[in-house]
Amino acid sequence: MRRPSRSALIATLALLALAALGLWYTQRPLGPTPHAQAAVPVRVISVAQQDVPRYASAIGSVLSLHSVEIRPQVEGVLTQVLVKEGQWVKEGDLLATLDDRAIRASLEQARAQLGQSQAQIQVANVDLKRYRLLSTDNSVSKQTLDQQQALVNQLQATVKGNQAAIANAQVQLSYTQIRSPVTGRVGIRNVDPGNLVRSSDAQGLFSVTQIDPIAVEFALPQQMLPTLQTLLKAPTAALVEAYMDADGERSLLGEGHLALIDNQISANTGTVRAKAEFDNKDGRLWPGQLVTVRLRTAVEQNALVVPPPVVQRGIDGHFVYRLDGDKVTSVPVKVLYQDSTLTIIAGVKPGERLVLDGQSRLKPGSRVEVTTDAPPPAEMADRRSQP
């Protein structure tokens, strides 16, 4: 029996290999076509239209409108302190008293001298009348009459001097009762009763600081001077908010209004100082406190509002991804205003759906799959009201 040739054996093996390859090709699992594109999951939000206030922020310092250091105006022993540290007092309340015995003695002495001078001028006036009658028939020389008139004038001046001395003593006596010049809060006492105090002392007795109303001073860039001037001329006072930052949270301390701007710009910092006044009945603002100030500079009417993550920045400027069916389109926009909670843009229409999250995997024409929607515009407005 003849063995098959080598060429026939190779041909048979080739046919078997082709048959196996054909069988695998027909039974292999079908995969995605090379040109099929997987949808990118994104979150979207609709463009909202609403009125948006604009704010300018700065760091401010709380100042008292009236802060008075209580000092004695006459020398004397401090006999009583009638208020406690931290006490609230009203204008005119008696705060402290000084020893007034020496001043009262001076007042009585001045009154006695006035009585003496008044008696002397009374006698001098009687003599003057008598001399005038006698001078009609030359019984008294004109020189004697003139001397008597001069004496009366001298005594009248003495009476006025005595009256001035009494008034001065009364003023000095009033200084022995120290009254509050303002309504406010008493500070820490520096001098105890029994000490001798003088008007030249470097340290006062204590301070009285007005708490309500109160002011906040802050500085803004000089470029905002025209805006500040416009706000001051407006019929409605510009709103100013004061916040306290603590533990990563910001709490509102009070709302006030813009009161004034400084009369010059600082050449060193290029800023202009401004002051706002606040009602402070609850005492949440305290003199010397540092706060974050937000000044409302304008209100944008019917603004197109989106959250800040919606707007992307490219080589040619800002743009957004707009949802068109199941694909996205790149739309150039102009950013008109932006803060930490919202962005006002131009170039889109109200109600258009824009990509909020997932832009890093997108390009124009990409297919997308919308997942959980972003908060509705109403919630955006609530977040916008927060600092």
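**Exercise 1. State what share of the chain's contacts between residues at least 6 apart in sequence join residues at least 24 apart, and describe the chain as a whole.**

Among contacts (heavy atoms within 4.5 Å) between residues at least 6 apart in sequence, 77% join residues at least 24 apart. The model is predicted: local features need pLDDT of at least 70 and side-chain atom pairs count only at pLDDT 80 or more, while totals for chains, interfaces and linings use all residues. Residues are numbered from 1 along each chain as its sequence is written, and side-chain values use heavy atoms, with hydrogens and water left out.

Step 1. Take the secondary structure. The chain has five helices and 22 strands; helices (H or I, at least four residues) and strands (E, at least two) are DSSP runs, numbered from the N terminus.

Step 2. Take burial. Of the 387 residues in the chain, 33% are buried. Buried means under 20% relative accessible area, exposed over 50%, and partly exposed in between (1.4 Å probe, protein chains only).

**Exercise 2. Find which elements have the lowest and the highest mean pLDDT.**

Step 1. Start from the chain average. Mean pLDDT (the predictor's confidence in each residue, from 0 to 100) is 87, and 89% of the residues reach 70 or more.

Step 2. Go through the elements. Helix α5 (residues 377-384) has the lowest mean, 43, and strand β14 (residues 271-278) the highest, 96.

Step 3. Check the stretch around the low value. Over residues 374-387 pLDDT stays under 50, and the model has 27 contacts beyond four places in sequence for this stretch.

**Exercise 3. Determine where the partners of the salt bridges R111 with E108, K142 with D146, and R294 with E241 lie.**

Step 1. Apply the rule. A salt bridge is a side-chain nitrogen of Lys or Arg within 4 Å of a carboxyl oxygen of Asp or Glu. The count comes to 15 salt bridges. Side chains of opposite charge can pair when their charged atoms come close.

Step 2. Take R111 and E108. Their side chains meet at 3.2 Å, N to O. Both residues lie in helix α2 (residues 101-135), three residues apart, about one turn of the helix. R111 is partly exposed at 37% relative accessibility, and E108 is partly exposed at 47%.

Step 3. Take K142 and D146. This salt bridge also has an N to O distance of 3.2 Å. The two residues are four apart in helix α3 (residues 142-174), so about one helical turn separates them. K142 is exposed, with a relative accessible area of 61%, whereas D146 is partly exposed at 39%.

Step 4. Take R294 and E241. The closest N and O atoms of this pair are 3.1 Å apart. R294 lies in strand β15 (residues 290-306) and E241 in strand β12 (residues 239-246), so the pair ties together parts that are 53 residues apart in sequence. R294 is buried at 8% relative accessibility, and E241 is buried at 6%.

Step 5. Look for shared partners. E217, D262 and R273 are joined into one network by salt bridges that share partners.

**Exercise 4. Identify which residues and strands line the largest pocket.**

Step 1. Fix the term. On a 1 Å grid over the protein atoms alone, a pocket is an open set of points where a 1.4 Å probe fits, with protein on both sides within 12 Å along at least five of seven lines; lining residues have an atom within 4 Å of a point.

Step 2. Read the volume. The largest pocket has about 180 Å³, where a volume is the space filled by probe spheres set on the points, and points are joined across faces, edges and corners.

Step 3. List the lining. It consists of V68, E69, I70, R71, P72, Q73, S174, Y175, Q177, I178, R179 and P181. Strands β3 (67-70) and β7 (177-179) each supply at least two of the lining residues.

Step 4. Sort by class. The lining has six nonpolar, three polar and three charged residues. Here Ala, Val, Leu, Ile, Met, Phe, Trp, Tyr, Cys and Pro count as nonpolar, Asp, Glu, Lys and Arg as charged, and the others, Gly among them, as polar.

**Exercise 5. Describe the backbone at P213 and N302, and place S141.**

Step 1. Take P213. A cis peptide bond joins D212 and P213, with omega about -5°. P213 is in the loop between β10 (206-209) and β11 (214-221).

Step 2. Take N302. Its phi is near 50°, a positive value in a residue other than glycine. N302 is found in strand β15 and is exposed at 52% relative accessibility.

Step 3. Take S141. This residue lies in the loop between α2 and α3 and is partly exposed, with a relative accessible area of 38%. The C-alpha atoms of S141 and Y131, 10 residues apart along the chain, are separated by 8.8 Å.
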